[in-house]
Amino acid sequence: MKAVILGGGLSGCVAANELGKKGIETIIIEKNAYLGGGCHTFFYGGHPYTEGPRPLAIKDGKAFDYINSIVKMRTFPVILDTYIEQDNQFYGFPIHWDDIQAMPDRDKILRELEDRPKVNTATNLEDGWLNAVGPTLYGKYIKTYTEKMWEVESNKVFEDFSWTVKGSPIQCGDRICRLASETESQLQAYPVEETGYNRFFDYCARDSKVYLNTNIEKIDLQKREVDIGGEKIQGDILISTIALDELMENCYGELRYMGRDFYKIVLPIKHIFEKDHHYMYYPNQEQFTRIVEYKNLTGHQADSTLLVMEVPSHSNRLYSYNIRSELDRAARYMSSLPNHVYAIGRLGTYQYLNINQCIDMVTELMDRL
């Protein structure tokens with residue numbers, strides 16, 4: 001039995017590893033010169049980095065154990081910060097009660113919080129946040145950031161807000177970022193090795209035939225056949241991690257995405273951010289959305305430090321839109337996949353999945369095969 005895997009990112013590599021355990025021959029076709037997609041580690045000024053930070057949220061430990069068995073991981077808490085220009089202050093994120101007490105408009109904010117509805121019945125992101133924290137905090141932290149991140153005129157276009165209002169919208173106690181329910185581990189993890197996850201991807205693809213720097217000319221889904229420019233590769237099953245609309249030649253129209261441009265800056269100082277502080281968010285009128293100090297994630301030791309500034313763009317496809325019309329279009333693509341053709345991963349399913357979810361999706365697919 002042979003499986004053809006389109007895309008050698010995280011999901012494609014894990015799929016190759018799991019299929020190999022079943023004794024299935026695997027072929028990976030990847031357009032880039034490397035495996036790992038957005039989790040691949042590059043170097044600039046001697047510093048390792050990824051295009052967008054890729055720590056692993058430990059959660060229930062399954063994904064952590066999966067990766068840690070191949071590439072040793074270290075664990076740490078993550079603390080996020082944000083710069084609020086109208087206050088000329090740096091605060092934490094998620095919104096923290098201690099920061100509210102120090103805000104110049106504290107009394108107004110407290111009145112708005114007192115007036116919040118007991119049940120948040122909003123039907124869009126803007127109203128969801130307004131109901132959760134009131135107009136002043138929404139304006140400081142969420143409104144402009146989300147609008148510039150997604151290039152939308154109003155956050156009301158997002159009919160669902162559960163993906164952005166997570167748990168308690170205002171945090172008490174410690175400053176550790178709560179990415180999941182408070183009953184789960186709040187620690188995150190990152191590979192100890194300088195090359196990050198790279199060896200994990202190489203290990204997963206160790207028994208696969210890998211085509212790098214390879215563009216796909218045409219895909220015949222019914223035949224599960226891929227033309228890579230003169231050579232046709234056919235499999236008994238086809239697993240796609242590439243964009244759904246690209247996979248199916250835009251037959252239902254192009255899916256909408258946002259991307260990022262990454263600007264790298266090396267500075268002659270050991271650290272910019274405090275220990276355990278990793279990201280600085282900018283929810284104001286500046287063009288960029290976030291600055292990441294990578295050595296605080298990677299553990300890299302140097303007398304200099306690397307900052308990467310992220311600017312929303314359309315130069316790549318990193319973030320799917322959580323808008324009903326786009327989700328419906330993606331669902332139509334998914335429902336049209338023929339037998340023995342499977343779509344997984346962020347691009348493959350048009351979902352903003354983290355590392356844990358990608359690994360879970362692959363292992364669930366393997367159980368069905």
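**Entry 1: cavities**

I looked up the enclosed spaces in this predicted model and counted two cavities of 30 Å³ or more. I then turned to the second largest cavity, which holds about 40 Å³ of space. I listed its lining as Ile79, Leu80, Gly92, Phe93, Pro94, His96, Gln171 and Arg175. Two elements, E7 and E8, each give two or more residues to this lining. By class, I sorted the lining residues into four nonpolar, three polar and one charged.

**Entry 2: Arg175**

Arg175 appears in the lining of the second largest cavity, and I next asked about its charged partner. Which residue forms a salt bridge with Arg175? I found Asp99, with the closest N and O atoms 2.8 Å apart. The pair links distant parts of the chain, 76 residues apart. Arg175 sits in the loop between strand E10 (170-171) and strand E11 (185-191), while Asp99 belongs to helix H3 (residues 97-102). I also noted how far each residue is covered. Arg175 has a relative accessible area of 30% and is therefore partly exposed. Asp99 has a relative accessibility of 8%, so I entered Asp99 as buried.

**Entry 3: Asp81**

I looked up Asp81 and found it in strand E7, an element that also contributes to the lining of the second largest cavity. Asp81 is buried, yet I could find no salt bridge for it. How far away is the nearest side chain of opposite charge? That side chain is Arg175, at 6.5 Å. A salt bridge needs the nitrogen within 4 Å of the carboxyl oxygen, so a pair at 6.5 Å does not qualify. I did record a polar contact of 2.6 Å between the side chains of Asp81 and His277.

**Entry 4: salt bridges**

I took the total for the structure and obtained 20 salt bridges. As background, I noted that side chains of opposite charge can pair when their charged atoms come close. One of the bridges joins the side chains of Lys140 and Asp87, at 2.7 Å from N to O. Lys140 lies in helix H6 (residues 135-150) and Asp87 in the loop between strand E7 (79-84) and strand E8 (89-93), so this pair ties together parts that are 53 residues apart in sequence. Are Lys140 and Asp87 buried or exposed? I found both of them buried. I also traced a network of salt bridges that links Asp87, Asp105 and Lys140.

I then looked up the salt bridge between the side chains of Arg206 and Asp207, with an N to O distance of 3.9 Å. Arg206 has a relative accessible area of 40%, so I entered Arg206 as partly exposed. Asp207 counts as exposed because its relative accessibility is 61%.

**Entry 5: the second largest pocket**

Last, I examined the second largest pocket, in which about 180 Å³ of space lies. How many residues line this pocket? I counted 13, and those nearest the centre of the pocket are Arg74, His271, Lys275, Lys295 and Asn296. Strand E6 (73-76) and helix H9 (295-298) each supply at least two residues of the lining. By class, I recorded two nonpolar, six polar and five charged residues for this pocket.

Methods:
Residues are numbered from 1 along each chain as its sequence is written. This is a predicted model: local features need pLDDT of at least 70, side-chain atom pairs count only at pLDDT 80 or more; totals for chains, interfaces and linings use all residues. Side-chain values use heavy atoms; hydrogens and water are left out. Helices (H or I, at least four residues) and strands (E, at least two) are DSSP runs, numbered from the N terminus. Buried means under 20% relative accessible area, exposed over 50%, partly exposed in between (1.4 Å probe, protein chains only). On a 1 Å grid over the protein atoms alone, a cavity is a set of points where a 1.4 Å probe fits but cannot get out, and a pocket is an open set with protein on both sides within 12 Å along at least five of seven lines; lining residues have an atom within 4 Å of a point. Grid points are joined across faces, edges and corners, and a volume is the space filled by probe spheres set on the points. Ala, Val, Leu, Ile, Met, Phe, Trp, Tyr, Cys and Pro count as nonpolar, Asp, Glu, Lys and Arg as charged, and the others, Gly among them, as polar. Lys and Arg count as positive and Asp and Glu as negative; His and the chain ends are not counted. A polar contact is a pair of N or O atoms within 3.5 Å; within protein, one must be able to donate a hydrogen and the other to accept it, and residues adjacent in sequence count only if both atoms are side-chain atoms.
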